[in-house]
Amino acid sequence: MTDTMPHAGSADVAAALLGWFDSAERDLPWRRKGVSPWHILVSEIMLQQTPVVRVQPIWEQWVQRWPTPSAMAADPVGDIVRAWGKLGYPRRAMRLHECAGVLAERFDDTVPDDVDTLLTLPGIGDYTARAVACFAYGQAVPVVDTNVRRVIARAVHGRAEPGNPSKTDLADARSLLPPQRRRAARFSAALMELGALVCVAREPRCENCPLRSQCRWQQLGRPAHTGPARKVQKFAGTDRQVRGLLLDVLRDSDSPVERARLDQVWPTDPHQRMRALDSLLTDGLVELTAAGRYALPGEG
């Protein structure tokens, strides 16, 4: 048995996955008709390492407040960091503000439609560039996230887990795309949805999978993962948690705060608190004023 499944451009596989997607696709607001490429870009930045349920209400607020890149660029970066709330990894908010400025100044408020140009924008990596080109403009480019890698690992290679990201991931995804451009873009979305809803990391719902008859992992009897155990990211007690608590104090204040207020955040480990605060200052997420107080960027 070969290490491949039938080419996804073949009628059976493409029809099975796209037919499933027609009925299983979630009604996410950034997928609806009339959503601008800018708003799709915002959603892709927010969705990185953050569940849909947390992103959706914040995204809906943002697209009302900042309907265009120039609208966001006109506001202070501190406003963007404050509005980011608890989505996590707040440097994404700063980079998005920077990206908005470039789009307003150099691209006439228009998000580029090709991967190479998108990659020149601040804060836009390979995944985001491909996702915007595909989902906003219907480009036939492979889009690879954790969900897609897991589907490919199982359906194509017969492995329970995808292992570490590699240069072959894009080639694997590209080989699955059907030849028609519009079908290819929708196929990419469907592949991602399959990994999010059915081919999940724990307790995959193989009985509901439209590709179960072509899936190599299924054909091999769903062998267990034999590689290194997946690392589970901790949050409680980490510097990330302390950084978030410090930022919460600044978000809730309409003026710079004294150091004593920040010291109350994490009294059990002053060294960790100071380390977290120093990292926020280094990242530009916090500013130290001339009066020795602390504020969000641009609010000192």
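**Exercise 1.** Which residues does Trp62 touch, not counting residues up to four places away in sequence? Place Trp62 within the nonpolar cores of this predicted model.

*Solution.*
Step 1. List the contacts. With residues up to four places away in sequence left out, Trp62 touches Val42, Met46, Met72, Ile80, Ala83, Trp84 and Leu96.

Step 2. Find the core. The largest nonpolar core has 61 residues, and Trp62 is among the four that touch the most other members, together with Trp38, Leu41 and Met46.

Step 3. Ask which element contributes most. Helix 11, residues 181-197, supplies the largest share of this core, with eight residues.

Step 4. Look for a further core. A second, separate core holds 19 residues, including Met94, Leu250, Val286 and Tyr294.

Step 5. Relate this to a general tendency. In soluble globular proteins, nonpolar side chains tend to be buried together.

**Exercise 2.** Determine whether Thr289 is buried or exposed, and describe its surroundings.

*Solution.*
Step 1. Locate the residue. Thr289 belongs to the loop that joins strand 1 (287-288) to strand 2 (294-295).

Step 2. Apply the cut-off. A residue counts as buried when its relative accessible area is under 20%. The value for Thr289 is 13%, so Thr289 is buried.

Step 3. Name the contacts. Leaving out residues up to four places away in sequence, Thr289 touches Pro256 and Gly300.

**Exercise 3.** How many cavities of 30 Å³ or more does a search of the whole structure find? Describe the lining of the largest cavity.

*Solution.*
Step 1. Count the cavities. The search finds two of 30 Å³ or more.

Step 2. State the volume. The largest cavity has a volume of about 90 Å³.

Step 3. Identify the lining. Thirteen residues line the largest cavity, and those nearest its centre are Arg154, Cys199, Cys206, Cys209 and Cys215.

Step 4. Assign elements. Helix 9 (146-155) and helix 12 (216-219) each give two or more residues to this lining; the largest share, three residues, comes from helix 9.

Step 5. Sort by class. The lining of the largest cavity comprises ten nonpolar, one polar and two charged residues.

**Exercise 4.** Which residues line the second largest cavity?

*Solution.*
Step 1. State the volume. The second largest cavity contains about 40 Å³ of space.

Step 2. Name the lining. Pro142, Val143, Val148, Ala173, Leu177, Phe187, Ser188 and Leu191 line the second largest cavity.

Step 3. Sort by class. Seven of these residues are nonpolar, one is polar and none is charged.

Step 4. Assign the main element. Helix 11 gives the largest share of this lining, three residues; helix 11 also gives the largest share of the largest nonpolar core.

Conventions. Residues numbered from 1 in each chain as written. Predicted model: local features only at pLDDT ≥ 70, side-chain atom pairs only at ≥ 80, totals over all residues. Heavy atoms only, no water. Helix = DSSP H or I, 4+ residues; strand = E, 2+ residues; numbered from the N terminus. Buried < 20%, exposed > 50% of the residue type's maximum accessible area, 1.4 Å probe, protein only. Contact = heavy atoms within 4.5 Å. Core = buried A, V, L, I, M, F, W, Y, C linked by side-chain atoms within 4.5 Å. 1 Å grid on protein atoms, 1.4 Å probe; cavity = no way out; pocket = protein on both sides within 12 Å on 5 of 7 lines; lining within 4 Å. Points joined across faces, edges and corners; volume = space filled by probe spheres on them. Nonpolar A, V, L, I, M, F, W, Y, C, P; charged D, E, K, R; others polar.
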